[in-house]
Amino acid sequence: MKIFEGSGVALVTPMEADGSVNYKKLEELVEWQINEGTDAIIACGTTGEASTLTNDEHIAVIEAVVKKVNGRIPVIAGTGVNDTRHAIELSTGAERVGADALLIVTPYYNKTSDEGLFLHFQKIAQSVKLPIILYSVASRTNMNITPQMVKRLSEIPNIVAIKEASGDISQIAEIARITPDDFAIYSGNDDQVLPIMALGGRGAISTIANIAPRQTHELTQALLDGDFQLAKKLQLAQLPLIHTIFSEVNPIPVKTAVGLLGKIQPNFRLPLYTAKAETVERLKKEMTAYGLEVSK
């Protein structure tokens, strides 16, 4: 089952200088993303600094995005944490406020056994009716979802997709081979959209789409259309900027870049902190080279 096809933006969460959520700017970002052709919005993911939000803020951000989107494109709520009961609480809350699907990351820090991992996802899936996208990102969680585990989890009726950010193309190919044809794979790495979609992926859950939504939609659409020459051109053109927005811990550079577009003030909650001066200069250079208009 595909929840969406194309480009899903892992949206930043705008904040005031005191760290409070700026809901007005959040709504403005949502509207801009839709106008630029983004195909889905992911609220409260890693890029949205979800791990620093309180429960009330977490659900309030999801609800604000749902209300602003107003059914125009799918809203996917990041509700994965390392405590299964907490994840259920966030997931049922996201369902209550109207999210269309959930993005659930593997448990971090606690980690677990294979059986614990299966039961974690199973319990969350059983608590809601919404479709669920698994999220495999071992670079952050130190826990991979193996192809065999993905296949097992895909047998749970409402686990319908995976955001694959392992960086292991061989693993992703094996997932594509052994999972059902209607199990959707989304690229979780901006520099691997082309190879993952060439293997049958249905789109990307993207960080760079925060600053280049139209271009990222065009890349995924070219791949959906089978125009691999155009897709190659578009993917390679993004690489210098992709490398720059991951030159510090995500979302520090990309949120700074959204600020350079003049759309937000790039405020963070500790332990995330202001981008280094050299990162800001590199962002300005690569954003300008890519054709983005940097505010003076």
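Me: How much area does the protein expose, and what share do carbon and sulfur atoms supply?
Reply: Accessible areas here come from the Shrake-Rupley method with a 1.4 Å probe, and for residues only the protein chains shown count as cover. In this predicted model, the protein exposes about 12,600 Å², with 50% of that supplied by carbon and sulfur atoms. The model's local features need pLDDT of at least 70, side-chain atom pairs count only at pLDDT 80 or more, and totals for chains, interfaces and linings use all residues. Residues are numbered from 1 along each chain as its sequence is written, and side-chain values use heavy atoms, leaving out hydrogens and water.

Me: What percentage of the residues is buried?
Reply: Buried means under 20% relative accessible area, exposed over 50%, and partly exposed in between (1.4 Å probe, protein chains only). Here, buried residues make up 56% of the 296.

Me: Which residues have the most contacts inside the largest nonpolar core?
Reply: In soluble globular proteins, nonpolar side chains tend to be buried together. A nonpolar core is a set of buried Ala, Val, Leu, Ile, Met, Phe, Trp, Tyr and Cys residues joined through side-chain atoms within 4.5 Å. The largest one has 78 residues, and Ile 62, Leu 153, Ile 159, Ile 211 and Met 287 have the most contacts inside it. A second, separate core has 18 residues, including Ile 76 and Val 160.

Me: What does Ile 211 touch?
Reply: Contact means heavy atoms within 4.5 Å. Leaving aside residues up to four places away in sequence, Ile 211 touches several partners, among them Trp 32, Leu 241 and Leu 292.

Me: How far does the C-alpha trace span?
Reply: Along its principal axes, the trace spans about 50 × 45 × 35 Å.
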